[in-house]
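Colleague: I am new to this model and would like a close look at just one part of it. Please take me through that part slowly.

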Amino acid sequence: MRTMPRVLIVEDEAPIAELIAVNLRHNGFQPTWAMDSEAAQRELDAVLPDVILLDWMLPGESGLSLAKKWRKDPRTKAVPILMLTARGDEADRVAGLDAGADDYIIKPFSTKEMLARIRAVLRRRAPEQVGGSVAIGPLLLDASTHRVSYDGQMLRMGPTEFKLLHYFMKNAERVHSRGQLLDKVWGDHVFIEERTVDVHVKRLREALGVAGVLIETVRGAGYRLTAQPLAQLQGAQAATSS
C-alpha cells in the first residue's frame with residue numbers, strides 16, 4: 001500500500017487551513033494543521049512531514065523566521081517548504097525564497113495550483129547535492145558539510161547563493177541564461193522574475209569576496225563561472241603578500 005505524503009499546514013486562519021486540509025485529503029495527502037510556530041514545532045518534533053505549507057503572517061514567530069530556522073536544522077533542512085502569503089511584491093518573494101522556501105504561493109490561490117506545486121516539489125525532493133566536494137583552483141565547495149572556502153578561508157553565504165555556486169562550479173566555463181539558472185537552481189515549478197537571478201548573483205559575488213571575479217556576466221547571454229581570472233588573481237595576491 002502506497003504511503004500518503006504528509007503535509008504540515010502552518011496557518012493561523014482556521015477556514016483557510018480546513019479548506020486546504022480537505023482538498024489534500026481528497027487528493028491522496030495526509031494533512032496536519034498547526035496554527036502557530038509553537039504548535040508547528042511540536043508537530044515537526046513528533047513526525048517529520050514530506051512538505052510544509054507555511055503561512056508568512058503568523059502570531060508570534062513569523063513564517064519567514066520559521067523557514068530560516070528550519071533550514072538551519074539538519075533534521076528539517078531537506079523538507080520542502082511552500083510559503084503561503086498575500087504578499088506578492090518581488091522583494092517579498094525574494095525574501096521568502098532566500099529564507100529557504102522552495103516555492104511561493106500567493107493568496108488567493110486555486111486548489112489545482114496548490115496541488116500542482118506540492119507535487120512538483122515532491123518530484124524534485126531528491127537532493128541534487130547529496131555529498132562530495134567540487135573545487136575550482138583554491139575555491140572549494142563541500143556539499144555534504146555545506147561549506148565554502150577560498151584559499152583555506154571559510155566564506156559565509158545564504159542557502160540560495162550556495163545552491164547557485166554549486167551549480168556554477170559543477171558546470172564551469174558554460175554560459176547559463178537566467179531562465180536556465182531559474183530552472184536548475186530554483187526549479188521549473190517556481191514562478192519568479194528572471195531579475196531575481198541578478199539579485200542572487202550579486203549577493204554571491206559579494207559573499208565570494210576577491211573570488212567574485214570568477215562569476216562573469218556574458219552580455220546578452222547570462223552568467224558563467226570561469227577559472228581564467230584565477231592566475232591573475234593569485235598573482236596579485238602573491239605580489240601583495242611578498
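Colleague: Which residues of the largest nonpolar core touch the most other members?

Modeller: Happy to help! This is a predicted model, where local features need pLDDT of at least 70 and side-chain atom pairs count only at pLDDT 80 or more, while totals for chains, interfaces and linings use all residues. Residues are numbered from 1 along each chain as its sequence is written, and side-chain values use heavy atoms, with hydrogens and water left out.

Now to your core. It has 30 residues, and L139, L165 and L208 are the ones that touch the most other members. A nonpolar core here is a set of buried Ala, Val, Leu, Ile, Met, Phe, Trp, Tyr and Cys residues joined through side-chain atoms within 4.5 Å. Buried means under 20% relative accessible area, with exposed over 50% and partly exposed in between, using a 1.4 Å probe and protein chains only. In soluble globular proteins, nonpolar side chains tend to be buried together.

Which elements build this core? At least two residues each come from strand 6, strand 7, strand 8, helix 6, helix 7 (178-186), helix 8 (195-208) and strand 11 (222-225). These are DSSP runs numbered from the N terminus: helices are H or I with at least four residues, strands are E with at least two. Helix 6 gives the largest share, six residues.

Take L208 as one example. Leaving aside residues up to four places away in sequence, L208 touches L139, L155, M157, L165 and I215; contact means heavy atoms within 4.5 Å.

The strands of this part belong to a sheet. Four of them form an open, antiparallel sheet in the order 6-7-8-9, where two strands pair if DSSP finds at least two bridges between them. At the edges are strand 6 (133-136) and strand 9 (153-155), each pairing on one side only. From one strand to the next, the twist averages 25 degrees. Strand 8 (residues 147-150) joins strand 9 over three antiparallel bridges, and in this sheet S149 stands opposite M154 of strand 9.

Helix 6 (residues 159-170) lies across strand 6, strand 7 (139-142) and strand 8, and runs at about 115 degrees to strand 7. Axes are lines fitted to C-alpha atoms, for helices over the stretch in contact, and angles run from 0 to 180 degrees between N-to-C directions.
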